[in-house]
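Colleague: I'd love a close look at one part of this protein, the part around its pockets. Could you walk me through it and then through the loops you find worth a glance?

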Amino acid sequence: MNLDEYKKVQSAAKEVHAQLGRFISSESSEQLISNKAIELMASMGITDTWYHGIPAFVLLGSRSCLSVSGRDYTPSNELVGMTNMVTVDLSPMLGDVWGDCARSYYIEEGICSEQPKKAEFSEGKAVEKELHQIMSEFVTPTVTFSELFEFGNQKIRELGYENLDFLGNLGHSIETDPDHRKFIDSACHDQLGAVNLFTFEPHIRKVNGKWGFKHENIYFFDQNGCITEL
C-alpha cells in the first residue's frame with residue numbers, strides 16, 4: 001500500500017469540505033450541494049467514486065437522521081432555509097485508491113457557521129469530536145472491530161446519544177472492492193491492525209433529538225502502533 005496515494009485522495013476530500021461551506025446558503029438543496037461538492041472534487045482531478053455511484057451523499061434537515069444505503073439514496077430538492085443542519089459524506093476514488101470523509105454543516109440565520117451558537121448544534125459537534133478522541137485513546141492494533149463497536153456504542157449511550165447507522169456499525173476498513181470491507185460491528189472479530197486503513201464515522205442523534213450528526217476520518221497505525229489520522 002502506498003500511503004501517500006491515500007493521503008492525496010483523503011486530503012482532496014478534506015479540502016472540498018474546507019471550501020464547501022462557503023457555497024451552502026438558505027437557497028441550497030441536497031442536489032445543489034452534491035453538485036458543488038462533485039465540481040470541487042473534479043477541480044482537483046478526482047471524478048470517480050467507490051460508493052454506489054454516489055460521490056457526495058448529502059442529507060439535510062430531518063433527513064440528517066436518515067441512514068440508508070447509497071443504493072437507495074436520491075438527493076432531495078428541499079431548501080436549507082434559515083436554520084438547518086447538513087451532513088455531507090464524500091467517497092472519492094482515484095484509480096483504486098479510496099478516500100472517505102464526512103462532515104456536518106450548521107446553518108444559522110441562513111449562513112453556514114463553523115462555530116454554531118445553537119446549543120443542539122454546538123453540543124452535537126463537541127460530542128463527535130469527543131468520540132473520535134475517546135476512540136483514539138482506546139484502540140491498539142490488537143483491538144478487534146467488534147470490541148471497538150461495543151466500546152464506541154457504549155460511549156455514545158453514556159453521552160446521551162444513539163447510533164443511527166442502518167447497519168449499527170461505526171466504520172469499516174478501506175479496501176479496493178466495497179464487498180470486501182470489514183465493518184466495525186458486533187460480527188467482525190478481526191483485529192484492527194490486520195487492515196491497512198479504517199474509518200471511524202459515528203452517525204449519531206441526541207436521544208429524543210432532531211438532528212443527525214456525522215464526522216468521519218480514516219485512521220491507520222504507525223510503525224509504533226499508534227493510531228494516526230490519514
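Modeller: Happy to, and let me start in a loop. T144 touches H189, D190, Q191 and L192, leaving aside residues up to four places away in sequence. This threonine, T144, sits in the loop between helix 3 and helix 4 (145-158). Because its relative accessibility is 11%, and buried means under 20%, T144 counts as buried. Please keep in mind throughout that this is a predicted model.

Helix 3 (119-138), on one side of that loop, brings us to the pockets. The largest pocket has a volume of about 620 Å³. Two or more lining residues come from each of helix 1, strand 6, strand 7 (111-113) and helix 3. Helix 3 gives the largest share of that lining, with eight residues. In total, 24 residues line the largest pocket, and those nearest its centre are R103, S104, E114, K125 and H215. By character, the lining of the largest pocket divides into six nonpolar, ten polar and eight charged residues.

The second largest pocket has a volume of about 540 Å³. It is lined by 32 residues, and Y51, D165, F166, R181 and E201 are the closest to its centre. Its lining divides into 14 nonpolar, nine polar and nine charged residues.

One of those central residues, F166, leads to another loop position. The C-alpha atoms of L66 and F166 are separated by 8.4 Å, although the two residues are 100 residues apart along the chain. L66 is placed in the loop between strand 2 (56-60) and strand 3. Leaving aside residues up to four places away in sequence, L66 touches L59 and H203. L66 has 33% relative accessibility, so it counts as partly exposed.

Now back to helix 1, one of the elements that line the largest pocket. Helix 1 covers residues 3-20, which makes 18 residues; at 1.5 Å a residue the helix should span 26 Å, and its end C-alpha atoms are 26 Å apart, so the two values agree. At its N-terminal end, N2 acts as a cap: a side-chain oxygen of N2 lies 3.0 Å from the backbone nitrogen of D4. The buried residues of helix 1 are Y6, V9, Q10, A12, A13, V16, H17, Q19 and L20. These buried residues pack against helix 2 (30-43), strand 3 (84-90), strand 4 (92-94), strand 5 (97-98), strand 6 (101-108) and strand 12 (217-221).

Strand 6 therefore turns up twice, as a packing partner of the buried residues of helix 1 and as a contributor to the lining of the largest pocket. The loop that joins strand 6 to strand 7 holds E109. Its backbone deserves a second look: E109 has a positive phi of about 55° although it is not a glycine. Most residues other than glycine have a negative phi. E109 is exposed, because its relative accessible area is 68%.

N208 makes a good companion to E109. N208 is found in the loop between strand 10 (203-206) and strand 11 (212-214), and it too is not a glycine, yet has a positive phi of about 70°. With 76% relative accessibility, N208 counts as exposed.

How values were computed:
Residues are numbered from 1 along each chain as its sequence is written. This is a predicted model: local features need pLDDT of at least 70, side-chain atom pairs count only at pLDDT 80 or more; totals for chains, interfaces and linings use all residues. Side-chain values use heavy atoms; hydrogens and water are left out. Helices (H or I, at least four residues) and strands (E, at least two) are DSSP runs, numbered from the N terminus. The expected span of a helix is 1.5 Å times one less than its number of residues. Buried means under 20% relative accessible area, exposed over 50%, partly exposed in between (1.4 Å probe, protein chains only). Contact means heavy atoms within 4.5 Å. A polar contact is a pair of N or O atoms within 3.5 Å; within protein, one must be able to donate a hydrogen and the other to accept it, and residues adjacent in sequence count only if both atoms are side-chain atoms. On a 1 Å grid over the protein atoms alone, a cavity is a set of points where a 1.4 Å probe fits but cannot get out, and a pocket is an open set with protein on both sides within 12 Å along at least five of seven lines; lining residues have an atom within 4 Å of a point. Grid points are joined across faces, edges and corners, and a volume is the space filled by probe spheres set on the points. Ala, Val, Leu, Ile, Met, Phe, Trp, Tyr, Cys and Pro count as nonpolar, Asp, Glu, Lys and Arg as charged, and the others, Gly among them, as polar.
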